[in-house]
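Dear colleague,

Please find below the structure that I am handing over to you. My findings follow directly after it, and I would be grateful if you could read them with the model open.

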Amino acid sequence: MAEGSMRDGLPEGLASVTGFQLSKCGWWLEQRLEEELKPLGIRVRHFLVLAMLSTSETLSQQEMAGYLLLDPTLMVGLIDDLETRGLCERTRDPRDRRRHSVRITEDGRDLHDRARALADEVGADVFGPLSSDELRTVVKAMGRVMEPFWAEQMIRPRRKR
């Protein structure tokens, strides 16, 4: 194999592709968290639903599918899983019978708190090489980068093709 220019353990041509590095960082975080969540009997997607519900009185299945960029049928399955375990409750919206509102239960809140602690530990480990100031800068910069994307999602949500 020919010797080439390397950076951070990758060929320079790959290491210099910012999107690749960010994508793999997200993948790495998700894989690590999947492993940590196994003893709680949930997956990352379940945790993300509980995280949304933990800070909202109620959300509709449609809203949550939009935020997570999931097909609504996948969201129904996630809510089914959580509801079966008593972690959330789903009710029909009295103003719109087609809409289901979802709220977290006390058991769901307890499980969310445990899962959030695990997520924070994984994040602290992955981002451990960064100082607190560097991490704040990364978080702020990612928010600015993603702001137009999320604004676009609110105007024109992803559709099935």
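In this predicted model, helices H3 and H6 pack at an angle of about 115°, and their axes are 9 Å apart. Because angles of 65 to 115 degrees count as roughly perpendicular, H3 is described as roughly perpendicular to H6. The crossing of the two helices is left-handed. On the H3 side, the contact is made by Phe47, Leu50, Ala51 and Ser54. H6 contributes Gly108, Arg109, Leu111, His112, Ala115, Arg116 and Ala119 to the contact.

Helix H6 itself comprises the 21 residues 106-126. At 1.5 Å a residue, a helix of this length should span 30 Å, and the end C-alpha atoms of H6 are indeed 30 Å apart, so expectation and model agree.

The buried residues of H6 are Gly108, Leu111, His112, Ala115, Leu118, Ala119, Val122, Gly123 and Val126. Viewed down the helix axis, these buried residues fall within an arc of 140°, and they therefore line one face of H6. Which elements do the buried residues of H6 pack against? Their partners are helix H2 (18-37), helix H3 (44-54) and strand E5 (96-104). The face of H6 turned away from the buried side carries the exposed residues Glu106, Glu121 and Ala124.

Two further positions may be of interest to you.

The first is Ser60, which is found in strand E3 (residues 59-60). Is Ser60 buried or exposed? Its relative accessibility is 2%, and because buried means under 20%, Ser60 counts as buried. Leaving aside neighbours within four places in sequence, Ser60 is in contact with Arg99, His100 and Ser101. Ser60 and Arg98 are 38 residues apart along the chain, while their C-alpha atoms are separated by 10 Å.

The second is Ala141, which lies in helix H7 (residues 132-155). Ala141 has a relative accessibility of 33% and so counts as partly exposed. With respect to Val122, one of the buried residues of H6, Ala141 is 19 residues away in sequence and 21 Å away in space, C-alpha to C-alpha.

Yours sincerely

Technical notes:
Residues are numbered from 1 along each chain as its sequence is written. This is a predicted model: local features need pLDDT of at least 70, side-chain atom pairs count only at pLDDT 80 or more; totals for chains, interfaces and linings use all residues. Side-chain values use heavy atoms; hydrogens and water are left out. Helices (H or I, at least four residues) and strands (E, at least two) are DSSP runs, numbered from the N terminus. The expected span of a helix is 1.5 Å times one less than its number of residues. Buried means under 20% relative accessible area, exposed over 50%, partly exposed in between (1.4 Å probe, protein chains only). The arc is that of the directions from the helix axis to the C-beta atoms. Contact means heavy atoms within 4.5 Å. Axes are lines fitted to C-alpha atoms, for helices over the stretch in contact, and angles run from 0 to 180 degrees between N-to-C directions. Angles under 35 degrees count as roughly parallel, over 145 as roughly antiparallel, 65 to 115 as roughly perpendicular and the rest as oblique. A crossing is left-handed if the near helix is turned anticlockwise from the far one by less than a right angle, and right-handed if clockwise.
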